[in-house]
Amino acid sequence: MTQFPDLTSFSLEAVLTILGMAAVTYGMRLGGLLMADRLPQHGRWAHVLERLPGAVLISVWVPSALSAGAIGIAGAAATVITMALARNLFAAMAVGMVLVGVGRYFISN
Amino acid sequence: MSRPGQPEKHPESQPKTGHFDSDTIRRGALACLPLLPSTIIFGAVLGVLAAQRGLSLGELLFMSLAVFAGSAQFVSVDLWRETIPSATIIIATAVINMRYILIGASLRPVFRGRPLWVKVTGMHMVADENWAVSMTQKDLANPGFLLGGGMFLGVVWATGNTVGYLLGGGIPDPEVYALDFAFTAVFAALTIGMWKGRVDLLPWIAAAIGSVIGHFTLPGTWSILVGAGAGVVVAALTWREDMDDDSLEAEFAVEGRNAYGAPEGKNSATRATPAVETGK
């Protein structure tokens, strides 16, 4: 009768799947924090925990810069340098994105 | 009224700011503003995909707010069929989101000294983006700031989903405006703010090498786990007794407090932190 997209129907299957996804995700978010709370506040573990955010962050963006090709690597380098000099997130992002956008327009890797 | 930050003598024993001050929530939301265009476009791309895969808009929005993890949602919606492969989708979600164990662990200083209910309520709206932004805020690193960023991203994400779902296409290709690169750029830029001194150098190099190796040898987001794992191992191996910083404030002291030109960059309050010397 209608071709209009189905907006509000909830199938039981879908809701259960989504709840499962939500449970594992939230469980890992909270579980990570509660586990860290049990680690010592000093010494080797505290030191490791302090290095963790940087290590995670680097592991998130280095591969994605790489998979964006040479222009991606150049864009990431420009972003990092701008941030180190200007300490401004907007400026750093803008420089990297403009470089990548323009680079793609001209080079179309 | 509560000025966030200004950690006095023992910020860890008695958090100065409230758990979820509206003031801090607002600031957390504003700090994620640079991510608005790319979040809305990627949200719209997911909306288009979801409409093609047969999710209802309600189901998609429910997923976006209950799961709240972009990359896992893309894979899940892509796997979605008439008969939903629930087990596959949940397992894929778990694998892709395994990094949240590490992200959760690294949020310890943000939740230090807070009661359990704050952790339980504050840990849901944690995406990579508002986590990274919060971790580089010195004075503002508290649950409200994190939640503010999460709520902002959640609303933008869900708005993008709705727009994409209803338009069913015609969304600009994120690559044309380098919007796909926005996420790489924000994480790369925020890395600068996480630099605490020379102690970070070797773990960071290890993380970079590990993630690159993982990227070329393993599928999906395993590279994040490989890289972070390499960083953790090197950090553990390079630790020496004498580099232990006894001040508990060390974990609060993150350089790059002026990263956003934030008015909170109160230098008088931040100068007291000795963590920069940790490398000695």
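Two residues are taken to be in contact if their C-beta atoms, placed from the backbone, lie within 7 Å. The exercises below apply to a predicted model.

**Exercise 1. Determine how many residues each chain gives to the contact between chain A and chain B, and which elements of chain A take part.**

Solution. Begin with the totals: the contact draws 69 residues from chain A and 85 residues from chain B. Next, assign the chain A side to its elements, where α1 (12-38), α2 (43-67), α3 (69-86) and α4 (89-107) of chain A each give two or more residues to the side that touches chain B. The largest contribution is that of α2(A), which supplies 22 residues to this side. Finally, sort the side of chain A that touches chain B by class, which yields 40 nonpolar, 20 polar and nine charged residues.

**Exercise 2. Describe the fold of chain A, and decide how its radius of gyration stands against that of a compact globule of 109 residues.**

Solution. The inventory of chain A comes to four helices and zero strands, and from the N terminus on the order of its elements is α-α-α-α. For the overall dimensions, the radius of gyration of chain A is 22 Å, whereas a compact globule of 109 residues would have one near 13 Å. The C-alpha trace of chain A spans about 55 × 55 × 25 Å along its principal axes. Turning to the interior, 49% of the 109 residues of chain A count as buried. Among the contacts in chain A with a separation of 6 or more, 35% come from residues 24 or more positions apart.

**Exercise 3. Take the spans that UniProt records as "transmembrane region" in the two chains, and state what secondary structure the model gives to some of them.**

Solution. For chain A, the unreviewed UniProt entry places this feature at residues 14-36, 56-83 and 89-107. In the model, residues 14-36 of chain A are 100% helix and 0% strand, with end C-alpha atoms 33 Å apart. Residues 89-107 of chain A are likewise 100% helix and 0% strand, and here the end C-alpha atoms are 26 Å apart.

For chain B, the unreviewed UniProt entry places the feature at residues 28-50, 57-77, 83-102, 144-164, 176-194 and 222-239. Residues 28-50 of chain B are 83% helix and 0% strand, with 29 Å between the end C-alpha atoms, while residues 144-164 of chain B are 100% helix and 0% strand, with 30 Å between the end C-alpha atoms.

**Exercise 4. Locate the domains of chain B, then compare the lengths of helices α11 and α13 of chain B with their expected spans and examine their burial.**

Solution. Chain B is divided into domain 1 (19-194) and domain 2 (196-262), and the C-alpha centres of these two domains of chain B lie 22 Å apart.

Helix α11 (residues 181-193) of chain B, with 13 residues, reaches 19 Å from its first C-alpha to its last, which is close to the 18 Å expected at 1.5 Å a residue. As for burial, α11(B) is mostly covered, since 13 of its 13 residues are buried.

Helix α13 (residues 222-238) of chain B has 17 residues and reaches 24 Å from first to last C-alpha, close to the expected 24 Å. The buried residues in α13(B) include B:Ser223, B:Leu225, B:Gly227, B:Ala230 and B:Val234. To find their partners, look across the chain boundary as well as within chain B: the buried residues of α13(B) pack against α2 of chain A together with α6 (99-106) and α12 (201-217) of chain B.

**Exercise 5. Establish where A:Arg87, B:Phe68 and A:Arg104 lie, and whether each is buried or exposed.**

Solution. Most residues other than glycine have a negative phi. A:Arg87, although not a glycine, has a positive phi of about 55 degrees, and A:Arg87 lies in the loop between α3 and α4 of chain A. A:Arg87 counts as buried because 20 other C-beta atoms lie within 10 Å, and the cut-off for burial is 20 or more.

B:Phe68, also not a glycine, has a positive phi of about 55 degrees and is found in the loop between α3 (57-66) and α4 (70-79) of chain B. With 22 other C-beta atoms within 10 Å, B:Phe68 is therefore buried.

A:Arg104, by contrast, lies in a helix, α4 of chain A, and is buried because 20 other C-beta atoms lie within 10 Å. A:Arg104 and A:Ile71 are 33 residues apart in sequence, yet their C-alpha atoms are 7.4 Å apart in space.

Terms used: Residues numbered from 1 in each chain as written. Chains lettered and ligands numbered in written order. Predicted model: local features only at pLDDT ≥ 70, side-chain atom pairs only at ≥ 80, totals over all residues. UniProt positions renumbered as here; feature names shortened; annotations may be inferred. Nonpolar A, V, L, I, M, F, W, Y, C, P; charged D, E, K, R; others polar. Expected span 1.5 Å × (residues − 1). Buried ≥ 20, exposed ≤ 12 C-beta atoms within 10 Å, placed from the backbone. Rg over C-alpha atoms; globule rule 2.2 N^0.38 Å. Domains from an automatic or database assignment.
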